[in-house]
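Open the model in your viewer and keep the sequence panel beside it. The stops below go one selection at a time.

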Amino acid sequence: MSDRVADELGPAGSLSDDGLHVMPVRVYYEDTDASGIVYHANYLRFIERARTDVLRCAGLDHRRMMDAEDSTAFAVRQMDIRFHAPARLDDALEVRTRFTELRGARIRAAQSVWRGETLLFEAQVEVAVLDETGRARRIPAFVRDALAAYVG
């Protein structure tokens, strides 16, 4: 896919003024186990995509951040997860993300997966901010500036 096409696609979700990001997800056959229920590890994929999408909505892009002079990347440092109910084949889901803290070299987010009004999965995620060598570094000003308005 060319850069132009990738840029034209834009974010999949939406970011409200109060910082709640909502991204739709459809459950495909490949997401499920033999019984048609979403395999547990795929919830982590759903929330990872949503964190990437919320960055894009805020004007940040992983590839450009990594290629910039002030190279920045992220790595999950800690995650607390809870499973509440199963998602099934063909379900229409929403992944909801809200950044809760920007501090030092870490970003924290509360994420959840919903089917309508039913909470299926939730996670508290702590992400470490890394430099080009993979070492922890303070959140760069351009990242902090892009996300500060959305921390709730």
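A polar contact here is a pair of N or O atoms within 3.5 Å; within protein, one must be able to donate a hydrogen and the other to accept it, and residues adjacent in sequence count only if both atoms are side-chain atoms. The model is predicted, so local features need pLDDT of at least 70 and side-chain atom pairs count only at pLDDT 80 or more, while totals for chains, interfaces and linings use all residues. Residues are numbered from 1 along each chain as its sequence is written, and side-chain values use heavy atoms, with hydrogens and water left out.

**Stop 1: Arg96**

Select Arg96. It sits in strand 4; helices (H or I, at least four residues) and strands (E, at least two) are DSSP runs numbered from the N terminus. Add Glu94. The two side chains share a polar contact of 3.0 Å. They also form a salt bridge at 3.0 Å, N to O, the term for a side-chain nitrogen of Lys or Arg within 4 Å of a carboxyl oxygen of Asp or Glu. Glu94 is partly exposed at 30% relative accessibility. The scale: buried is under 20% relative accessible area, exposed over 50%, partly exposed in between (1.4 Å probe, protein chains only).

Now show what surrounds Arg96. Contact means heavy atoms within 4.5 Å. Not counting residues up to four places away in sequence, Arg96 touches Leu20, His21, Val22, Ala110, Gln111, Ser112, Trp114 and Gly116.

**Stop 2: Glu126**

Which residue forms a salt bridge with Glu126 at 2.6 Å between the closest N and O atoms? Select Arg77. Glu126 lies in strand 6 and Arg77 in strand 3, so the bridge ties together parts 49 residues apart in sequence. Glu126 is buried, with a relative accessible area of 6%. Arg77 is exposed, at 57%.

Add Arg108. Its side chain meets that of Glu126 in a salt bridge of 2.7 Å, N to O. This pair links strand 6 with strand 5 (residues 106-115), 18 residues apart. Arg108 is partly exposed, at 30% relative accessible area. Extend the selection to Glu101, Arg103 and Arg106: with Arg77, Arg108 and Glu126, they are joined into one network by salt bridges that share partners. The salt bridge count comes to 12.

**Stop 3: the nonpolar cores**

A nonpolar core is a set of buried Ala, Val, Leu, Ile, Met, Phe, Trp, Tyr and Cys residues joined through side-chain atoms within 4.5 Å. The largest has 17 residues; select Tyr43, Phe46, Ile47, Ala87, Leu93, Val95 and Val113, which touch the most other members. Strand 2 (21-26), helix 2 (40-57), strand 4 (92-103) and strand 6 (118-130) each supply at least two residues of this core. Strand 6 gives the most, with 5 residues.

Center on Val113. Among its contacts beyond four places in sequence are Tyr43, Leu93, Val95 and Phe121. Then jump to the second, separate core of 14 residues, which includes Ala58, Ile107, Val143 and Leu147.

**Stop 4: Thr72**

Finish at Thr72, in the loop between helix 3 (62-67) and strand 3 (73-83). Is Thr72 buried or exposed? At 1% relative accessibility, Thr72 counts as buried. Its side chain makes a polar contact of 3.2 Å with the side chain of Arg137. Residues touching Thr72 from more than four places away in sequence include Met65, Val129, Phe142 and Val143.
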